[in-house]
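Reader: I am new to protein models. Could you take me through this one by question and answer?

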Amino acid sequence: MTRVLILATFALTVSCRMKSDVKEELLKWESDFEKAVVANDAEAIGKFLADDWVIVDPNGEIIDKARFLSVIKSGVLTHELMESEDRQVRSYGDCVVVTALTKTKGKFAGREFTTQERATDIFVKQGGRWQCVFSQLTKFSKK
């Protein structure tokens, strides 16, 4: 009985540590992604995204990776601020869901914008590294 209890305690400890490691890894990933966006570095941004990544914007439009990166490369979309808070990470094996409250400031087609949105990113671990496969933004106005 004691041996079973020791093994169960060890398994729980390892499981909690693995979840903590995944959480820290994904939080760093999100931070590095935000830095790439603020640097308006389409090549760096592209490395974070799976080839079939799409984002659903706050208006419900679906934008694929190629289109998203092309507006950054062209300078049509630029960011000077992207900050997230209230990040939550939920791990499901090789799939992780990250939610956050994100503030952004930048320009799109020469017009300045400032947003506050709930962001949801879904990551899948493929080939030993995390890639974002889906993102969704929802307008947020604090009441």
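The exchange below goes from the overall fold to single residues.

Reader: What kind of model is this, and how are the residues numbered?
Author: The model is predicted, so local features need pLDDT of at least 70 and side-chain atom pairs count only at pLDDT 80 or more, while totals for chains, interfaces and linings use all residues. Side-chain values use heavy atoms, with hydrogens and water left out, and residues are numbered from 1 along each chain as its sequence is written.

Reader: In what pattern do helices and strands follow along the chain?
Author: Helices (H or I, at least four residues) and strands (E, at least two) are DSSP runs, numbered from the N terminus. The protein chain has three helices and six strands. Read along the sequence, the pattern is α-α-β-β-α-β-β-β-β.

Reader: What percentage of the residues is buried?
Author: Buried means under 20% relative accessible area, exposed over 50%, and partly exposed in between (1.4 Å probe, protein chains only). The protein chain has 143 residues. The buried part is 32%.

Reader: What share of the contacts with a separation of 6 or more joins residues 24 or more positions apart?
Author: Contact means heavy atoms within 4.5 Å. Among contacts in the protein chain with a separation of 6 or more, the share from residues 24 or more positions apart is 48%.

Reader: Which strand gives the largest share of the lining of the largest pocket?
Author: On a 1 Å grid over the protein atoms alone, a pocket is an open set of points where a 1.4 Å probe fits, with protein on both sides within 12 Å along at least five of seven lines; lining residues have an atom within 4 Å of a point. The largest pocket has a volume of about 930 Å³ (the space filled by probe spheres set on the points, which are joined across faces, edges and corners). Of its 38 lining residues, the closest to the centre are Ile 55, Phe 68, Leu 77, His 79 and Leu 137. The largest share of the lining, eight residues, comes from strand 5.

Reader: How many residues of that lining are nonpolar, polar and charged?
Author: Ala, Val, Leu, Ile, Met, Phe, Trp, Tyr, Cys and Pro count as nonpolar, Asp, Glu, Lys and Arg as charged, and the others, Gly among them, as polar. By class, the lining of the largest pocket has 19 nonpolar, nine polar and ten charged residues.

Reader: How far apart are the C-alpha atoms of Ile 55 and Leu 137?
Author: Ile 55 is in strand 1. At 11% relative accessibility, Ile 55 is buried. Beyond four places in sequence, Ile 55 touches residues including Ile 62, Ser 135 and Leu 137. Ile 55 and Leu 137 are 82 residues apart along the chain, yet their C-alpha atoms are separated by 7.7 Å.

Reader: Which parts does the pair of Trp 29 and Phe 48 tie together?
Author: Rings of Phe, Tyr and Trp (its six-membered ring) pair if their centres lie within 6.5 Å; planes under 30 degrees apart count as stacked, over 60 as edge-to-face and the rest as tilted. The whole structure has five aromatic pairs. Trp 29 and Phe 48 are edge-to-face, at 4.8 Å centre to centre and 85° between the planes. The pair ties together parts 19 residues apart in sequence, because Trp 29 lies in helix 1 and Phe 48 in helix 2 (residues 42–48).

Reader: Are Trp 29 and Phe 48 buried or exposed?
Author: Trp 29 has a relative accessible area of 11%. For Phe 48 the value is 15%. Both fall under the cut-off, so each is buried.

Reader: Which residues do ring pairs link into a cluster?
Author: Trp 29 and Phe 48 already form one aromatic pair. Ring pairs link a cluster made of Trp 29, Phe 33, Phe 48 and Phe 123.

Reader: Which residues does Glu 34 touch beyond four places in sequence?
Author: Glu 34 is in helix 1. At 10% relative accessibility, Glu 34 is buried. Its contacts beyond four places in sequence are Met 82, Glu 83, Ser 84 and Arg 87.

Reader: Where is Ala 109, the residue with a positive phi of about 55°?
Author: Most residues other than glycine have a negative phi. Ala 109 has a positive one although it is not a glycine. At 54% relative accessibility, Ala 109 is exposed. Its place is the loop between strand 4 and strand 5.
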